[in-house]
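User: I would like a close look at a single part of this model, followed by how the parts around it fit together. Please keep the answer plain.

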Amino acid sequence: MTQRTRNWLLLAPAGTWFLVMLIIPLTVVLIFSFGERAPAGGVVPAFTLEQYANLPARWAAFKNTMTLAPIGTLSALVIAYPLAYFLAVKVDPKWRTILLVLVIVPFWTSILIRSYAWIFLLGGRGIPALLGWFGMEGVRLINTPFAVLVGIIYGYLPLMVFPIYVSLDKLDKKLLEASSDLGAKPWRTFLQITLPLSIPGIATGCMLVFILLMGEYLIPAMLGGGKVFFVGNALVDLFLQSRNWAYGSAVAVTLVVVMLVTVTVYMRLINRLGANRDDVSIM
Amino acid sequence: MTKDSDYISKKKFMEVLGRYRKGSITRRHFLNVTGLGAATAVMGAAMPGLRPSPAFAGGNIGDRVVLATWPNYHDPSNFEAFTEATGAHVQVNVFGSNEEMLAKLQAGATGWDVYVPTNYTISTYVDEGLIEPLDTSKLSNYDASAFDARYAEAGSVDGTLYAVPKDWGSTGMAVNTAHNDGKPISSWKEFFDISRDKFSGRSMVHDYQLTTIGSALNYFGYSFNSVDEAELADAEKLLIDVKPHLFAITSDYQPSMRNGDAWLTICWSGDGKQLNTDIPEIHYVLGAEGGEIWSDYYAIPKGAPHSDAAYALINFLLDPTVNAKEVVAHGYPTADARTFALLPDELKNDPILFPAQELLSPLEFGAAATLTDPNRAELMARFKSA
């Protein structure tokens, strides 16, 4: 067996997977997006740009997604970073494994069940009732963008914590000592040593969370009460309720394009940020 | 989208199912958004074959039958009895809306043996070639004369029987009278007006075009089923105007009605019955202008993999003794006089299950065109994403 044949054989499983599970379905969606809605629902082949022309009707869904996905990602980052820092740098190593497991434990329960818990917590008998005892009457949390944001941060936090934790864990503690020996205050050491060296983790965490958030569907559906609408929710409606597959495909293709553009720009930025440092690159 | 069902393990599903049965969480659209239907299929598929198959008078019908239905819609002990009698396990696939059921069947290869379409969808299934004509010789418990024709006639298309009646109900509204000086409300006009006023932030409409658009059309005195463009434009204006005042757009309205977050909702009669039983100040009322009356049917999709078992299950559920237990469990009225005779008196005289005729007469059955009209579908989607 030549080296070449062997390479092809090794690539075959992944290649087949991509072809069958990614390329072909995406091609089908692309073809559908130029079609028309069949009278009873579904799609009839055609070549029309009508579906794309109709995209502004889903502007609100794109706007919600493009607002709440970045806000959710940044909020998760702000909350996750100190936690990851604590776990990687501050905590006594003998507790570390247990604490890391605690971060993962919520994943053992379905996000669906956990979202139900949030419905109760954010509903009238949960946190608002508690606030009522302290004199803050009439606070409305459930079915608001805030509720969706809380659900998002809660659901995606571990995905942000782990990459940052890994990059901080690998950080050579001797660098921190050297910085301190050379007279840098802790704050300066953090800004000039720790933070730059953890950028790969931040970049990976943000990417993971952002990409998943762009396609989020369950959390807005459950905590937004049908009033906070993501593109994912619009897609479900178009395929299962309106049965307008052609328009749904056009919305899906647009979402993929928006994501590709955003992620490309993001990677460029991160790589430029890392260009001056050999040790910083994404993933 | 698919990831939601991936999250659900068999055990989780049983927990959630248990909560459904207790009524602490509910109904149609919840399942629509969660993909729980798929999880049940997985759960059911793991079960058959574990128990020995007893002999069945109808011959060997195989070890399973797959039922696509609505949540809270059956007495589980009836399914156990069916398995005892026939050796076939019932896999229950739970769905959120007729639109979703139709979408799944149009996409093909559902694996369902029996499903539960609503009256107005059946002619579309026939047109699309997605439904089997029924062979009544295999349904000894089916007696056409026992059924009230109003709730049975949609099962036949051009003289061919495609579906047999399961139960019927109405779509009205549930109002928590404690927040309205003890008074219920009585019309769709009042529903949408109070929602923008005293009940702002406390009302819910269904995540379901038929009933939400239908009720908005009723507000103007138009037909629930209207597909007239000018009338739909009025309905859309009303809905978009009301939207900021709504507590939620959801068909899973029982939890918020129960915990007091919401005071008013579009409501199916069975949910109304359940809410009223537990919280008497929640009243179920029919809109004076009209609203929906509907009936659900048992039918067999084209290409059902276990056709014999499908007939056996439908026949079993049509048995009046079995059906009476079903009615007690789901709280929707039956169209079958034989079953009605077996119901406890308090159900026979229940005003939510069996409203007075003058309240029913303005109600309309959903029309096939209402299901398939692209403008209504798009209106609903626009309203939700507005």
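How many contacts beyond four places in sequence does the model have for residues 279-283 of chain A, and where does pLDDT stay relative to 50 over them, under or over?

Analyst: This is a predicted model, so the confidence score is the place to start. Over residues 279-283 of chain A, pLDDT stays under 50. For that stretch the model has 16 contacts beyond four places in sequence. Chain A as a whole averages a pLDDT of 91, and 96% of its residues score at least 70.

Next comes the contact between the chains. Chain A contributes 38 residues to it and chain B contributes 39 residues. On the side of chain A that touches chain B, at least two residues each come from helix H3 (59-90), helix H5 (111-122), helix H11 (218-223) and helix H12 (231-241) of chain A. H12(A) gives the most to this side, with seven residues. By residue type, this side of chain A has 20 nonpolar, eleven polar and seven charged residues.

There is also a contact inside chain B. The domain assignment splits chain B into domain 1 (3-168 + 295-348) and domain 2 (169-293 + 355-385). Between them, 21 residues of domain 1 of chain B are in contact with 20 residues of domain 2 of chain B. On the side of domain 1 that touches domain 2, the elements giving two or more residues are helix H3 (28-34), helix H7 (122-127) and strand S6 (163-176) of chain B. H3(B) gives the most to this side, with three residues. The residues on this side of domain 1 of chain B divide into six nonpolar, twelve polar and three charged.

Definitions and conventions: Residues are numbered from 1 along each chain as its sequence is written. Chains are lettered from A and ligands numbered from 1 in the order in which they are written. This is a predicted model: local features need pLDDT of at least 70, side-chain atom pairs count only at pLDDT 80 or more; totals for chains, interfaces and linings use all residues. pLDDT is the predictor's confidence in each residue, from 0 to 100. Two residues are in contact if their C-beta atoms, placed from the backbone, lie within 7 Å. Helices (H or I, at least four residues) and strands (E, at least two) are DSSP runs, numbered from the N terminus. Ala, Val, Leu, Ile, Met, Phe, Trp, Tyr, Cys and Pro count as nonpolar, Asp, Glu, Lys and Arg as charged, and the others, Gly among them, as polar. Domain bounds come from an automatic or database domain assignment.
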